[in-house]
Amino acid sequence: MKSPVHRCRDVDHGRGQTGTVAVSECLQAEQRIPVSKDVITSSSTSGLWFIRDTCGIVCAVITWLLVFYAEFVVVFVMLLPSKNLIYSVVNGTVFNSLAFLALASHLRAMCTDPGAVPKGNATKEYIESLQLKPGQVVYKCPKCCSIKPDRAHHCSVCRRCIRKMDHHCPWVNNCVGENNQKYFVLFTMYIALVSLHSLVMVVFHFLYCFEDDWTKCSSFSPPATVILLILLCFEGLLFLIFTSVMFGTQVHSICTDETGIEQLKKEERRWAKKTKWMNMRAVFGHHFSFLWFSPFSTPDHGKAETYQYVV
């Protein structure tokens, strides 16, 4: 009689898998045993990550165009015609800095591997090479034929399993997962701040134009100035509400250590519970500093964590 070995399961169907990677059934109760994260869940992060999705690319381009439109109205309609040099310099510096950080965060969120699991590695030979112990469990995704780690879900757009996948966002043309959640949170925060700042400047500019001559408060004609300001006001209000809600839900998701998909599916918690501060540090970095707010700083997610449970 052969000795019991690991069992390969398909978590999407919730039953035992007996395909090309299946082996003899384990006679013991299933118990999660630590497996090297570098072996099972490593992905190629050295190359450029970009999803070739038409809808996502269009949404990403629209995002950049809307930011550039806001930049045009703020600089050429409101700041340059202003007679107050200090007002123009201060607000121009603040707005352009926030817009730059927002676009940088968007680019990092879009071009960073969100935590993709190696594709097609769930072969019998590869699983046997892992030298798993008796009672050890691995999961296979039938869609991308990969060994599926805990808390990973398959994305139909990326066509990959993503570790700690929160959702797929077409506005950044990427999944929000373990490796790029920081950049997505920064993107929503900076866009919300840019929108709020532009709305405040629009209000002040309207008041200034009402008190002064409309022909002197802008280098454009009064009708064109009004239309440009109204469109910017509508854009700023819409994005302020949308990104503020997204920022709040993301921070809540990080603090509770529960992704959007896990909340939606009401999945049972099988991972160790940590404090809110520890969860924040796991996403943004281990030591609080200004680097938390920099899209150019790659967070140190720390060593692989072990999730143990008994079924």
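Is tryptophan 292 buried or exposed? In this predicted model, tryptophan 292 counts as buried, because its relative accessibility is 6%. The sections below take up the aromatic residues, the cysteines, and two further positions, serine 253 and arginine 269.

Ten aromatic pairs are present in the structure. One of them is formed by phenylalanine 72 and phenylalanine 76, whose ring centres are 5.5 Å apart and whose planes make an angle of 35 degrees, so that the pair is classed as tilted. Both phenylalanine 72 and phenylalanine 76 belong to helix H2, which spans residues 54-79. Four residues separate phenylalanine 72 from phenylalanine 76, or about one turn of the helix. Phenylalanine 72 has a relative accessibility of 33% and therefore counts as partly exposed. Phenylalanine 76 is also partly exposed, since its relative accessible area is 42%.

Phenylalanine 288 and tryptophan 292 form an edge-to-face aromatic pair, with 4.9 Å from centre to centre and 80 degrees between the planes. The angle of 80 degrees is read against a cut-off: planes over 60 degrees apart count as edge-to-face. The two partners have opposite surroundings in terms of solvent accessibility: phenylalanine 288 counts as exposed because its relative accessibility is 51%, whereas tryptophan 292, at 6%, counts as buried. Phenylalanine 288 and tryptophan 292 also belong to one aromatic cluster, together with Trp277, Phe284 and Phe293.

With regard to the cysteines, a search of the whole structure finds one disulfide. The disulfide links cysteine 209 with cysteine 217, and the distance from S to S is 2.2 Å. The link between cysteine 209 and cysteine 217 is right-handed, with 105 degrees about the S-S bond. Cysteine 209 has a relative accessibility of 0% and so counts as buried. Cysteine 217 likewise counts as buried, because its relative accessibility is 1%. Cysteine 158, in contrast, takes part in no disulfide. The nearest cysteine sulfur to that of cysteine 158 belongs to cysteine 175 and is 3.5 Å away. This separation of 3.5 Å does not meet the criterion for a disulfide, because the two sulfur atoms must lie within 2.5 Å. Cysteine 158 is nevertheless buried, as its relative accessibility is 9%.

Serine 253 is located in helix H6, which covers residues 222-256. Serine 253 counts as buried because its relative accessibility is 7%. The side chain of serine 253 reaches the backbone oxygen of glutamate 258 at a distance of 2.6 Å. When neighbours within four places in sequence are left aside, serine 253 is in contact with Asp166, Gln181, Glu258, Thr259, Gly260 and Gln263. Glutamate 258 thus appears both as the partner in the side-chain to backbone approach and among the contacts of serine 253.

Arginine 269 is found in the loop that runs between helix H7 (260-265) and helix H8 (276-284). Arginine 269 is partly exposed, because its relative accessible area is 33%. Not counting residues up to four places away in sequence, arginine 269 touches Thr256 and Asp257. Aspartate 257 and arginine 269 are twelve residues apart along the chain, and their C-alpha atoms are separated by 9.7 Å.

How values were computed:
Residues numbered from 1 in each chain as written. Predicted model: local features only at pLDDT ≥ 70, side-chain atom pairs only at ≥ 80, totals over all residues. Heavy atoms only, no water. Helix = DSSP H or I, 4+ residues; strand = E, 2+ residues; numbered from the N terminus. Buried < 20%, exposed > 50% of the residue type's maximum accessible area, 1.4 Å probe, protein only. Polar contact = N/O pair within 3.5 Å; in protein donor to acceptor, adjacent residues only side chain to side chain. Contact = heavy atoms within 4.5 Å. Phe/Tyr/Trp six-rings, centres within 6.5 Å; stacked < 30°, edge-to-face > 60°.
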